[in-house]
Amino acid sequence: NWDANHPWDKLGEIGKNHGLIWGGDFKKFKDKPHFQAKTNLTLEQCRKFFENGGLAEVFKNVKIL
């Protein structure tokens, strides 16, 4: 939902209070519907795990911070 009238700022505040990264804080492109968890893996590490065992391998090695 990209509706500008949607309460994205309130939802962003709630998500950040639960440890999520919110797309509304992105510098170049404000992606207010976007939330993601902080993890212990870099993108390169995720790619290697995925290449070696698919998503199951990624999920086996990821830790939510």
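A residue is called buried here when its relative accessible area is under 20%, exposed when it is over 50%, and partly exposed in between. With that in hand, here are the views of this predicted model.

**Figure 1. The whole chain, an α-β-β-α arrangement read from the N terminus.** The protein contains 2 helices and 2 strands. Its radius of gyration is 15 Å, well over the 11 Å that the globule rule gives for 65 residues, so the protein is more spread out than a compact globule. The C-alpha trace spans about 45 × 20 × 20 Å along its principal axes. Of the 65 residues, 15% are buried. Among contacts with a separation of 6 or more, 28% are between residues 24 or more positions apart.

**Figure 2. The surface and its charges.** About 5200 Å² of the protein is exposed, and carbon and sulfur atoms supply 58% of that area. How many positive and negative side chains does the protein have? There are 11 positive and 8 negative ones, and the centres of the two sets lie 5 Å apart. The count of salt bridges comes to 3, and the next views visit them in turn.

**Figure 3. Lysine 32 and aspartate 9, joined by a salt bridge.** Look for the N to O distance of 3.1 Å between these two side chains. The pair links distant parts of the chain, with the two positions 23 residues apart: lysine 32 belongs to the loop between strand 1 (20–22) and strand 2 (35–37), while aspartate 9 is in helix 1 (residues 8–17). Lysine 32 is partly exposed, at a relative accessible area of 29%.

**Figure 4. Lysine 16 and its surroundings.** Start in helix 1, where lysine 16 is found. Which residue forms a salt bridge with lysine 16? The partner is aspartate 25, and the closest N and O atoms are 3.0 Å apart. Both ends of this bridge are partly exposed: lysine 16 has a relative accessible area of 38%, and aspartate 25 has a relative accessibility of 37%. Setting aside neighbours within four places in sequence, lysine 16 is in contact with Trp22 as well as Asp25. Phenylalanine 35 is also worth finding in this view: 19 residues separate it from lysine 16 in sequence, and their C-alpha atoms are 8.8 Å apart.

**Figure 5. Glutamate 57 and lysine 60, a salt bridge in helix 2.** The side chains of glutamate 57 and lysine 60 meet at 3.3 Å, N to O. Because the two residues are 3 apart in helix 2 (residues 43–61), about one helical turn separates them. Lysine 60 is exposed, with a relative accessible area of 57%.

**Figure 6. Aspartate 31, a buried side chain with no salt bridge.** Where does aspartate 31 sit? Its place is in the loop between strand 1 and strand 2. The nearest side chain of opposite charge to aspartate 31 is that of lysine 32, 10 Å away. Since a salt bridge calls for a side-chain nitrogen within 4 Å of a carboxyl oxygen, you will see no bridge drawn from aspartate 31 here. What is aspartate 31 in contact with, leaving aside its neighbours within four places in sequence? The contacts are Trp2, Gly23, Gly24 and Phe26.

Key:
Residues numbered from 1 in each chain as written. Predicted model: local features only at pLDDT ≥ 70, side-chain atom pairs only at ≥ 80, totals over all residues. Heavy atoms only, no water. Helix = DSSP H or I, 4+ residues; strand = E, 2+ residues; numbered from the N terminus. Rg over C-alpha atoms; globule rule 2.2 N^0.38 Å. Buried < 20%, exposed > 50% of the residue type's maximum accessible area, 1.4 Å probe, protein only. Contact = heavy atoms within 4.5 Å. Areas by Shrake-Rupley, 256 points an atom, 1.4 Å probe, with all protein chains shown as cover. Lys, Arg positive; Asp, Glu negative; His and termini not counted. Charge placed at Lys NZ, Arg CZ, Asp CG, Glu CD.
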